[in-house]
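Colleague: I would like to go through this model with you, spaces and sheet in turn. Can you put it on screen?

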Amino acid sequence: MSDRDDLDARLRKLLADVLGIEDGQVAAFDRDTELFGAIPEFDSMSIAGLLTEMEDRFDIEIDDDEVDGEIFETYGNFYDFADQKVDG
Amino acid sequence: MTGGFRYDGYPASGGVELIVHAGPVDAERRILFVPPLFEELNRLRRTMMLTMRRLAARGIAGFLIDLPGQNESPLDLGAVTIEGWRESVTLAARNINATHVASIRAGANIDDTPGLPAWRLAPLSGAKQMNLLLRAQVAADKQNGLSRTREDYRAMARGEAVILGGKTFSPAFFSQLSEAEPLAREDIVTGEGDFGPPLWLRTEPGESADMAEKMATALDQWSRQTMP
């Protein structure tokens with residue numbers, strides 16, 4: 001599994017775990033799939049758990065000023081954000 | 001007796017608090033559960049009770065305490081200290097003649113009662129617990145048009161009480177929780193393997209019979225191996 005596939009799989013699992021969505025639903029996400037606000041399970045209360053768990057699983061730190069509305073807008077945006085954090 | 005559970009009080013630091021228990025009165029193995037904190041308590045309480053019921057069926061007594069300032073406690077969070085919590089766990093352990101301690105999430109920061117082996121489910125440091133609380137508050141602030149950061153709250157908390165998730169944190173408690181860490185000790189272990197999806201991260205309270213069964217099995221095995 002390439003690093004890219006690995007990150008993708010781990011992000012999907014993170015979303016499934018934190019938001020409580022079915023694996024099947026998460027597997028169907030593509031870059032354009034809308035997340036925050038579009039998925040009922042993903043509301044502002046979910047963000048705290050999502051960011052903190054993300055830091056833990058990927059061994060990264062996410063500052064408050066890195067978090068804007070856009071990173072949760074679509075799965076593609078979320079992936080790109082994670083990708084940049086994990087590499088950098 | 002309600003559904004196999006009995007409700008009593010135990011002498012915690014600061015006054016009597018609720019203790020729920022199940023299982024044989026004369027059980028050889030008596031496990032004291034140290035609960036997760038704040039919202040995670042709401043999310044896991046039913047699953048912990050299910051776990052206790054399953055342990056009871058295996059002849060193991062389980063005891064779940066309210067910490068001062070949590071759940072049904074009459075105390076305000078403002079009156080609480082980490083040391084007071086740790087003391088409450090020790091008082092409860094003595095009160096019920098506990099043979100083992102099982103902590104969940106941030107309960108791990110106060111589960112190191114002297115002389116009792118402890119088992120941890122997904123231990124969470126005080127710093128990470130604070131991150132969760134601060135982030136939730138920052139997100140709620142944003143919804144209300146307020147732009148604050150976690151660092152803003154940390155700065156405020158140095159000099160005054162701050163409100164996170166509707167609860168008042170004194171400067172002392174804020175800093176104690178931020179610095180709290182699960183103690184590393186030879187007889188304290190973290191449960192390994194898959195206990196199912198992390199219910200403590202969900203925003204909706206739920207319950208999992210599957211997680212309860214897995215926890216009961218793990219605790220049964222571990223407590224048998226670590227009988228004093």
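Modeller: One term before we start. Helices, of at least four residues, and strands, of at least two, are DSSP runs, numbered from the N terminus. The model itself is predicted.

Colleague: Which element gives the largest share of the lining of the largest pocket?

Modeller: The largest pocket has a lining of 25 residues. Two or more of them come from each of H3 of chain A, helix H1 (39-57) of chain B and H3 of chain B. The largest share is 6 residues, and its source is H3(B).

Colleague: Which residues lie nearest the centre of the largest pocket?

Modeller: Start with the space, which is about 510 Å³ in volume. By class, its lining splits into 12 nonpolar, 9 polar and 4 charged residues. Nearest the centre lie B:Phe38, B:Glu39, B:Glu40, B:Leu133 and B:Gly165.

Colleague: How many charged residues are in the lining of the second largest pocket?

Modeller: That pocket has about 410 Å³ of volume. Its lining has 19 residues, with A:Glu53, B:Arg105, B:Ala122, B:Pro198 and B:Trp200 nearest the centre. Helix H1 (3-19) and H3 of chain A are the elements that give two or more residues to this lining. By class there are 7 nonpolar and 4 polar residues, while the charged count is 8.

Colleague: And which element gives the largest share of that second lining?

Modeller: A:Glu53 is one of the residues nearest the centre of the second largest pocket. The largest share of the lining is 3 residues, and they come from H3(A).

Colleague: Now the closed space. What is the volume of the largest cavity?

Modeller: Rolling a probe the size of a water molecule over the atoms shows where empty space is left. With a threshold of 30 Å³ or more, the search of the whole structure returns 1 cavity. The space in the largest cavity is about 50 Å³.

Colleague: Which residues line the largest cavity?

Modeller: By class, the lining divides into 3 nonpolar, 2 polar and 4 charged residues. H3(A) gives the largest share, 4 residues. From chain A the list has A:Gly49, A:Thr52, A:Glu53 and A:Asp56, and from chain B it has B:Arg105, B:Leu124, B:Lys128, B:Leu132 and B:Leu201.

Colleague: On to the sheet. Which strands are its edges?

Modeller: The open sheet has 7 strands in mixed pairing, in the order E1-E2-E4-E3-E5-E6-E9 of chain B. An edge strand pairs on one side only, and that describes strand E1 (6-12) and strand E9 (188-190) of chain B.

Colleague: By how many degrees are neighbouring strands of the 7-strand sheet turned against each other on average?

Modeller: Take the sheet in its order E1-E2-E4-E3-E5-E6-E9 (chain B). With direction ignored, the average turn between neighbouring strands is 25 degrees.

Colleague: How many residues of strand E3 of chain B are buried?

Modeller: Buried means under 20% relative accessible area. B:Arg30, B:Leu32 and B:Val34 point one way from E3(B), B:Ile31 and B:Phe33 the other way, and all are buried. For the strand, residues 30-34, the count is 5 of 5.

Colleague: E3(B) and E4(B) are joined by a crossover. Is it right-handed or left-handed?

Modeller: E3(B) pairs with strand E4 (residues 61-65) of chain B in the parallel sense, over 4 bridges. In that pair, B:Arg30 stands opposite B:Ala61. The chain runs from E3(B) through H1(B) to E4(B), and the β-α-β crossover is right-handed.

Colleague: What is the bridge partner of B:Phe33 in E5(B)?

Modeller: E3(B) and strand E5 (residues 100-104) of chain B run parallel and are joined by 4 bridges. Opposite B:Phe33 in that pairing is B:Ala102.

Colleague: Which residue in E4(B) stands opposite B:Ile19?

Modeller: Strand E2 (residues 15-22) of chain B and E4(B) run antiparallel, with 4 bridges between them. The residue opposite B:Ile19 is B:Ile65.

Colleague: Is B:Ile65 buried or exposed?

Modeller: B:Ile65 sits in strand E4 of chain B. The cut-off for buried is under 20% relative accessible area. B:Ile65 is at 0%, so it counts as buried.

Colleague: Same check for B:Gln225: buried or exposed?

Modeller: B:Gln225 belongs to helix H6 (residues 209-225) of chain B. Exposed means over 50%. Its relative accessible area is 64%, so B:Gln225 is exposed.

Definitions and conventions
Residues are numbered from 1 along each chain as its sequence is written. Chains are lettered from A and ligands numbered from 1 in the order in which they are written. This is a predicted model: local features need pLDDT of at least 70, side-chain atom pairs count only at pLDDT 80 or more; totals for chains, interfaces and linings use all residues. Side-chain values use heavy atoms; hydrogens and water are left out. On a 1 Å grid over the protein atoms alone, a cavity is a set of points where a 1.4 Å probe fits but cannot get out, and a pocket is an open set with protein on both sides within 12 Å along at least five of seven lines; lining residues have an atom within 4 Å of a point. Grid points are joined across faces, edges and corners, and a volume is the space filled by probe spheres set on the points. Ala, Val, Leu, Ile, Met, Phe, Trp, Tyr, Cys and Pro count as nonpolar, Asp, Glu, Lys and Arg as charged, and the others, Gly among them, as polar. Buried means under 20% relative accessible area, exposed over 50%, partly exposed in between (1.4 Å probe, protein chains only). Two strands pair if DSSP finds at least two bridges between them. A crossover is right-handed if, with the strands pointing away from the viewer, the path from the first strand over the helix to the second runs clockwise. Axes are lines fitted to C-alpha atoms, for helices over the stretch in contact, and angles run from 0 to 180 degrees between N-to-C directions.
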